[in-house]
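Please work through the following exercises with the sequence and the model side by side, and try each task before reading its solution.

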Amino acid sequence: MCSGTLPKPPSSTSSPPLSSRPQAQKQRRRREREEAILSGQHSVTTAVMFVFQPAEDGVLGWSEKQRIEYTAHTAPGTKKDTSLPLPPSYSPEYVESSWYQWWEKEGFFSPEQHERLPHAVDQTFSLCIPPPNVTGSLHLGHALTVAVEDALVRWRRMQGHRVLWVPGCDHAGIATQTVVERRLLREAGRRRQDFTRQEFLREVWKWKNERGEEIYQQLRSLGASLDWSRACFTMDPAFSRAVSEAFVRLADSGRIYRSEALVNWSCALESAISDIEVDSIDLSGPTLLSVPGYDNKVEFGTMLTFAYAIEGHDGEVAVSTTRPETMLGDVAAVHGKQCRHPFTSRLLPIITDPLVDMELGTGAVKVTPAHDHTDFLLSQRHSLPRLTVIGGDGNMTTACGQWLQGVKRFDARQMVVDALVERKLFRGKKNHAMTLPAVEDGQLQIVPHYYSKTWRNWLSNISDWCISRQLWWGHQIPAYQERWVWGRSEDEARQRAAVRYGVKPKDITLTQDPDVLDTWFSSGLFPFAMLGWPEQTPDLQHFYPNSLLETGSDLVFFWVARMVMLGTELTGQLPFKQVLFHSMVRDKHGRKMSKSLGNVINPLDVIHGVSLERLQEKVQEGNLEPRERLVSMEAQRKDFPKGIPQCGTDALRFALCSHKMQGEDISLSISEVLSCRHFCNKMWQTLKFTLGVLGDSSTPVTTLEQTAAVGSMERWVCSRLYSTVLQCEQGLEASELHTVTSALHSFWVHSLCDVYMECVKPVLALPPDTEQNVGAQQGVRSVLFHCVSMSLALLSPFMPFITEELWQRLQPFSPAAAAVPPTLCLQPYPRSSQLAHWHFPDEERDFLLVQEVIRAARSLRAQCGMTKEKPAMWAVCSPSQAQVLLHFGSAVWTLSRISSLHIHCPDGAECPPALLSTPPPTGSLVAVVDHTCQLHLHIQSGVDVDKRVQQLSLRRDRLLPKLEQLLLRQQEQDSQSKVPAHIREQTDSKFLNVRTCFIFTSILYLQRDVGPAAGGDNTIEEQLKLLQETQTAE
């Protein structure tokens, strides 16, 4: 680390790019994506995507849903009235009303709530939210951070841990000062330099107080269960004291020192920039680029050669440079004697040094220590002066002479070249590939683990960190010039100076360093400063080190490394025990979401919905280049022709958590979020059904421990719930949230709704006139209640609003309503150990066959065009399969929509006599379950044969090109070793599905096209052989 007065010239070199992907490749891919948008093509991305059926033209298709509002009078902070009738369908506006205010007012998110939990455990879970910049609003990248962190926080809180999640905001020195400067220039026509420092800071604080709450309100809208009583801002008085304390301690230990060094300088900001905030652009040759402050683009990617005359000789030394304007600051040339500078008449020594690449240019280079990192090192080695010829504002200095003084740097470039030509010293210009710096807006467990290598490599190759910034907004460096002393206050610094120099304090005059500290310096203190450090507060003792740091992988060096360095140095401990990195969020076209691209999506626009017109207005209100504005608006018109539908917070959070965080970048499509909204409605309708079932009985529901799964379907669904809880436990412990959301979605939709609820409807419809019927119905009610209640608890960390709404409405039927916490977010998180008596692995395994039979039967019905008909069905299978189908006979009968189920074991099989039945009738329609099980539907009448043949023919014709396309894609991927494994698996799976569907359709087509002899009594092998022969003939 270093601080102090530094030379402020711009430099053309920087540290190597941090990204593993070459910049040229990034730029090429970016141009390809832009061209794809403008040309109407679809770019290809390898991100994990939800399965969703788009509209015919590939555009997001949706229709406006009815908006239902919660209109009951509920004072802010009071509990929502859930005694009102449940609306007919899910509406985010209705569901998300009032809950958060009640949670916050009741203090459910504070660690003090822990002492009142009956299931509390003596464990602590703490973390801080990566503090967003105070300058603006959150985007979907922030929403991903909130969704992931809140899921983990809510899960630990429900486990009974003492949880602290601290909100905060970063003062964002450069960004905030820039925003306020633009505002003052736009509204008052005044620049920062027209104010005193204190006047300008008052304007910044005024802006912060007007806009500072906007981000906090967005976090509340996202359902973030943060402890707002501990919210901190990096410019708060307490945090500022921590910053001063950190500076003083580091300076006392020699970790901070004052030195002259070359820095990356931004002429637009008039401030130094950190090495890791500088990215590089690779240029292959001459390239015109826009530069702030210039009307015309500036050419880069060329190398110019000019000559220095050797003093006292007729010879010359030719040197090459990409920046001829800096030759005014040359103080030496490498290789020779002495040269005379053509414009300043200075004598330049000619030196030799192994740093020079003899193969580059002429083999001789000019030495400009104040404007090049390598030349700066040469100046130290050879005791050369450092002459600054480009000022902090980007204009040439007085050292250049009157003819260039005050001229803009890149304008001066051409003037210097023209002057060299005039003096006949110019020796040519050629194309030159170059790297151009560009500023872009063990004990420690790192997950995913592959970042560990990146982490180690970076930390082993870093240079000292320049922590001073030439700004007004920020923490002013607590050090004082004249005698260069530091202190927590000016009085302390004066006392230190008096002791150091042996004078009286009153005789010392101090002037505080005008620079401020790099924003990342204060952000690096966040894990312990937020807890009251340097004071030994109870929070610091209980919650430090933090349990976890969860953040985007793009902050690994900007923030994470700084926190580790500062935390270890100042507290003697790592600031957190584990670092969890999530992937970057990209748009539908695979582009990084960035304000500079105009593709940032405000999460509130997804939650509440927004029109296309408003989206376009936001782009026009921005400060984009004309081409970027065109690309952005065209992408919006294609992606959101009707705007973005209202999806709600729960759907957005669930969609974000459904992506694999520890892998490829996330390419989020709004259609995914809309699909999750449909899931919310599925949950809503499930509860309506459940409440109807529970309300029909006066007998209370039995407790979880007392509820025994008696029937085959009860045993299966209870065991499925057990397995789902186990998957949730394992996924949450491993921070693999996508496996948890997948398991929960699968259980609710495919096990609970599609299977169990459909199977129990006939049971619930039975008249309660026998003890057996009453017992069966009561068993169904108890199992249904606990399945729904426990599923809501499992989903609560991901979907807090809808789960709270539905759980509260379920509580009047709870067998232990008085003993449970008042809110679902404090309810114990389900544990697999609670459900050990519900684990029936044999039932789960056997039911897989039942599901395949049902799927095949339904497919056969659909392909035959049957809707209301209920044909008889024969299952020709092995004895073991026959036992399973008999055990789950009611499910097969109900879900397959058949009139009767006949099971036939072929002759010769060892089948009990009770399972023997007559073979299926001749002419039945056949579907294949597996190599030992086939289904035969006996249709006596009601099917239009000609119409069915036509349908099958059309379906077959549609499937064939899909099959060919997938086969071609499969072959292409086989030849590309870089295609990710999961993408190959997805393609293979699609190919197999379409191929199977094509074969089945073809068999059915042949059965009606060439008569019963092709199907009916023939084996499936014979049918496949006939199909193959027919296809070969065709």
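**Exercise 1. A pair within one helix**

Task: Decide whether R637 is buried, partly exposed or exposed, and then describe the salt bridge that R637 forms with E634.

Solution. The model is a predicted one, and the first step is to look at the relative accessible area of R637, which is 35%. Since buried means under 20% and exposed means over 50%, R637 counts as partly exposed. The second step is to find the partner: the side chains of E634 and R637 meet in a salt bridge, with 3.1 Å from N to O. The third step is to place both residues in helix α18, which covers residues 626-639, where they are three residues apart and therefore separated by about one helical turn.

**Exercise 2. Another helix, another setting**

Task: Find out how far apart E805 and R809 are in helix α24, and state whether E805 is buried or exposed.

Solution. Helix α24 spans residues 800-810, and E805 and R809 lie four residues apart in it, about one turn of the helix. Their side chains form a salt bridge, with an N to O distance of 3.2 Å. Turning to accessibility, E805 has a relative accessible area of 0% and is buried, while R809, at 7%, also counts as buried.

**Exercise 3. Links between parts that are distant in sequence**

Task: Explain why the salt bridge between K429 and E299 ties together parts that are 130 residues apart in sequence.

Solution. Begin with the contact itself, in which the closest N and O atoms of K429 and E299 are 2.7 Å apart. K429 belongs to strand β16 (residues 426-431) and E299 to strand β9 (residues 298-300), so the pair connects parts separated by 130 residues in the sequence. E299 is partly exposed, its relative accessible area being 31%. To put this pair in context, the structure holds 39 salt bridges, and a network of salt bridges links E245, R249, D252, R488, E492 and R496.

**Exercise 4. Reading aromatic pairs**

Task: Classify the aromatic pair F300 and F410 from the angle between the planes, and do likewise for F654 and F679.

Solution. The structure holds 25 aromatic pairs. In the pair F300 and F410 the ring centres are 5.5 Å apart and the planes stand at 80°; because planes over 60 degrees apart count as edge-to-face, that is the name for this pair. F300 lies in strand β9 and F410 in helix α9 (residues 409-422), so the contact ties together parts 110 residues apart in sequence. Both rings belong to buried residues, with a relative accessible area of 9% for F300 and 15% for F410.

For F654 and F679 the centres are 5.4 Å apart and the angle between the planes is 40°, which makes the pair tilted. F654 lies in helix α19 (residues 649-657) and F679 in helix α20 (residues 670-695), so this pair joins parts that are 25 residues apart in sequence. Here too both residues count as buried, F654 at 1% relative accessibility and F679 at 3%.

**Exercise 5. A strand and its neighbours**

Task: Describe how strand β28 is enclosed, and identify the strands with which β28 pairs.

Solution. Strand β28 covers residues 872-876, and five of its five residues are buried, so the strand is largely enclosed by the rest of the structure. Next, sort the residues by direction: A872, W874 and V876 point one way, whereas M873 and A875 point the other way. This fits a general pattern, since side chains in a regular strand alternate between the two faces of the sheet. Finally, look at the pairing: β28 runs parallel to strand β29 (residues 900-904) over five bridges, with M873 opposite L901. With strand β31 (residues 933-938) the pairing is antiparallel, again over five bridges, and the bridge partner of W874 in β31 is H936.

**Exercise 6. The nonpolar core**

Task: Which residues touch the most other members of the largest nonpolar core, and which helix gives the most to this core?

Solution. The largest nonpolar core has 164 residues, of which L219 and F798 touch the most other members. Helix α22 (residues 737-764) gives the most to this core, contributing 13 residues. Apart from this core lies another, of 49 residues, including C232, I446, F528 and W559.

Terms used: Residues numbered from 1 in each chain as written. Predicted model: local features only at pLDDT ≥ 70, side-chain atom pairs only at ≥ 80, totals over all residues. Heavy atoms only, no water. Salt bridge = Lys/Arg side-chain N within 4 Å of Asp/Glu carboxyl O. Helix = DSSP H or I, 4+ residues; strand = E, 2+ residues; numbered from the N terminus. Buried < 20%, exposed > 50% of the residue type's maximum accessible area, 1.4 Å probe, protein only. Core = buried A, V, L, I, M, F, W, Y, C linked by side-chain atoms within 4.5 Å. Pairing = 2+ DSSP bridges. Phe/Tyr/Trp six-rings, centres within 6.5 Å; stacked < 30°, edge-to-face > 60°.
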